[in-house]
Amino acid sequence: MKQEFDFNDPEFIKNPHPFYTKLRASKKPLWVLPRPDMRSSNDGIWVFSRYEDCVAILKQSTSISNDLNYRFKGDTIPFYMHMLNHDGKEHARLRRLVNQFFSTQYITNLETHIYNVVENHIESMIKNKDINLITDFAEKIPFDVIASILGIPLSDMPRIRKWTIAIGNGFDTFTVNEEIIQKQQQALLLLLDYLRVLIKNEEETENQTVLYSLIQAQKEGHLNNDELLGMVSFLLIAGHETTIALIGNGLWLLLSHPEQWQLLVENPGMIPQAIEEVLRFESPAQRSSFRIATKTIDINGNIVKPGEQLTVAIASANRDETIFTDPHSFDIQREVNPHIAFGIGVHSCIGQHLARVEARIAFEKIIARFPHMKLKSNIPQWRSSTFFRGLESLCVTL
Ligand code: HEM
């Protein structure tokens, strides 16, 4: 029997973990209907929840494909022509074109810039006593940083942010309605048009940026026009939405566990370890992208047939009691933490080093500057999404 579930349940948004715990215990995947414009003849999607199954699926690239481009229709198609939606050589070709911008070396050279971005935003917060850490801090950093890596003028970012919020809302395939889908499509068209103009005026693009580098690669025939648009727009969205959530979730978790906040005030060297625990405990990307079976596969006795779609619940895997001791405790001193918040396998996150460095610098600076910061409310305001786990707002007294 296929197990189904209503992801629109507000209790699930507040806390998805009791549900995932039951799902893992059942050892069966869930069967979910996706958004109406993505339905094919096999219209359900399997959601796997156990760590072992999730890792097996993410590592499997011969009988499970990421190439789901055929699902999309209309003028927004270029948006989907990025590396995560490709397999094998095509995926490797696209990833290779931008890899250098996310290497350890490149990000290390960017640290001074990230420090300055964080400092500037902290300075502008100081004059206020009460702050919303999401809009006044967490949102600003990844946004400014990814703009400079990509080569998008900072002055354009406020209007781009409006589009990326609407696009991100549409990623929540299990809960979206017609209105959200329409807003997402409109925002995608505006973003693609904006990028087309930017690419056309390429003399204004700075070299040493992803945009410049991809424009040159396109001229040399290494990717086509749609792929160029898809890569830049996907990197733009992937490069800020999840990192905003990481910084916001981290500040919430630490402030709501004051003894662990204090531990970091006294031992800032523990911040990298704390970041890993934040990633595990409230994983910013709650699920992987969708995959499709190309052959019959057997995942621990659960058979997925060719043509059926599947995804993995990263949030659930990261609380699997067979892997993590006391999984529902937030513990920055946890020693064994093989979380999969950045995925695993060939599609593992290209931006993970960048995200970790941004979060480390953000936490180092804010903890040192405001060691006595206090929450204004103990009730978190989670964004209404089952895909991104992030806060709508986080009000504190500095
Ligand atoms: C806390 C922050 C982040 C989290 C939790 C996160 C999470 C993930 C996950 C789970 C995947 C794998 C998806 C799958 O296999 O279906 C992924 C892939 C990816 N991420 Fe991130 N990400 C973060 C930050 C970033 C940043 C800063 C960038 C930079 C632009 C980025 C760009 C990408 C790209 C391009 C892929 C696809 C890689 C491929 O297909 O080879 N992400 N990310």
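**Figure 1. Strand 1 meets strand 2 at the bridge between Trp31 and Trp46.** In this predicted model, Trp31 has Trp46 of strand 2 as its bridge partner. Right beside that pair in the view, Val32 stands opposite Ile45, which also belongs to strand 2. Strand 1 and strand 2 run antiparallel, and three bridges join them. Now look at the side chains of strand 2: Ile45 and Val47 point one way, while Trp46 and Phe48 point the other way. Is this set of four buried or exposed? All of them are buried.

**Figure 2. Strand 8 has strand 2 as one partner and strand 5 as another.** Strand 8 covers residues 309–312, and strand 2 covers residues 45–48. These two pair in the parallel sense, over four bridges. You can pick out two of the matched positions: Val47 has Thr311 as its bridge partner, and Phe48 stands opposite Val312. Strand 5 (residues 291–293) also pairs with strand 8, but here the strands run antiparallel and two bridges join them. On that side, Ile292 stands opposite Gln309. As for the faces of strand 8, both are covered. Gln309 and Thr311 are buried on one side, and Leu310 and Val312 are buried on the other.

**Figure 3. Zoom out a little, and five strands make up an open sheet.** In what order do the strands sit? Read across the sheet and you get 1-2-8-5-3, with mixed pairing. Strand 1 (30–32) and strand 3 (64–65) are the edge strands, and each has a single partner strand, so one side of each is left without a neighbour in the sheet. What holds neighbouring strands together? Strands of a sheet pair through backbone hydrogen bonds, either parallel or antiparallel.

**Figure 4. Helix 3 lies across several strands of that sheet.** Helix 3 is made of residues 51–59 and lies across strand 2, strand 3, strand 5 and strand 8. Compared with strand 8, helix 3 runs at about 120 degrees. Which residues of helix 3 are buried? They are Tyr51, Asp53, Cys54, Val55, Ile57 and Leu58. The cover over these buried residues includes strand 2, strand 3, strand 5 and strand 8, along with strand 6 (297–299) and helix 16.

**Figure 5. A second open sheet is built from three strands.** This one goes in the order 4-12-9, and its pairing is antiparallel. Strand 4 (130–132) and strand 9 (374–375) stand at the edges with a single partner strand each, so each has one side without a neighbour in the sheet. Strand 4 pairs with strand 12 (residues 395–397) over three bridges, in the antiparallel sense. To find one of the matched positions, look for Asn132, whose bridge partner in strand 12 is Cys395.

**Figure 6. Cys349 holds on to the iron atom of the ligand.** Which atom of Cys349 is the donor? It's SG, at 2.3 Å from the iron, and Cys349 is the only protein donor of that iron atom. If you're tracing the chain, you'll find Cys349 in the loop between helix 16 (314–317) and helix 17 (352–369).

**Figure 7. Helix 9 packs against four other helices.** Helix 9 runs through residues 157–170, which makes 14 residues. From first C-alpha to last, helix 9 reaches 20 Å, close to the 20 Å expected at 1.5 Å a residue. The buried residues here are Met157, Ile160, Arg161, Trp163, Thr164, Ala166, Ile167, Gly168 and Gly170. What do they pack against? Their neighbours are helix 8 (140–150), helix 10 (178–200), helix 12 (225–238) and helix 13 (241–255).

**Figure 8. Thr209 is a buried residue in a loop.** The loop in question sits between helix 10 and helix 11 (210–219). Why is Thr209 called buried? Its relative accessible area is 5%, and buried means under 20%. The side chain of Thr209 reaches the backbone nitrogen of Tyr212 at 3.2 Å. Leaving aside residues up to four places away in sequence, Thr209 touches Phe101, Ser148, Ile149, Leu150 and Gly151.

**Figure 9. Glu276 sits in helix 15 and touches residues from elsewhere in the chain.** Helix 15 covers residues 271–281. Not counting residues up to four places away in sequence, Glu276 touches Asn337, His339 and Arg356. Leu246 is 30 residues from Glu276 along the chain, and 9.9 Å separates their C-alpha atoms.

Conventions. Residues numbered from 1 in each chain as written. Predicted model: local features only at pLDDT ≥ 70, side-chain atom pairs only at ≥ 80, totals over all residues. Heavy atoms only, no water. Buried < 20%, exposed > 50% of the residue type's maximum accessible area, 1.4 Å probe, protein only. Pairing = 2+ DSSP bridges. Contact = heavy atoms within 4.5 Å. Axes fitted to C-alpha atoms, helices over the stretch in contact; angles between N-to-C directions. Donors = N, O, S within 2.8 Å, 3.2 Å for Na, K, Ca; no water. Expected span 1.5 Å × (residues − 1). Polar contact = N/O pair within 3.5 Å; in protein donor to acceptor, adjacent residues only side chain to side chain.
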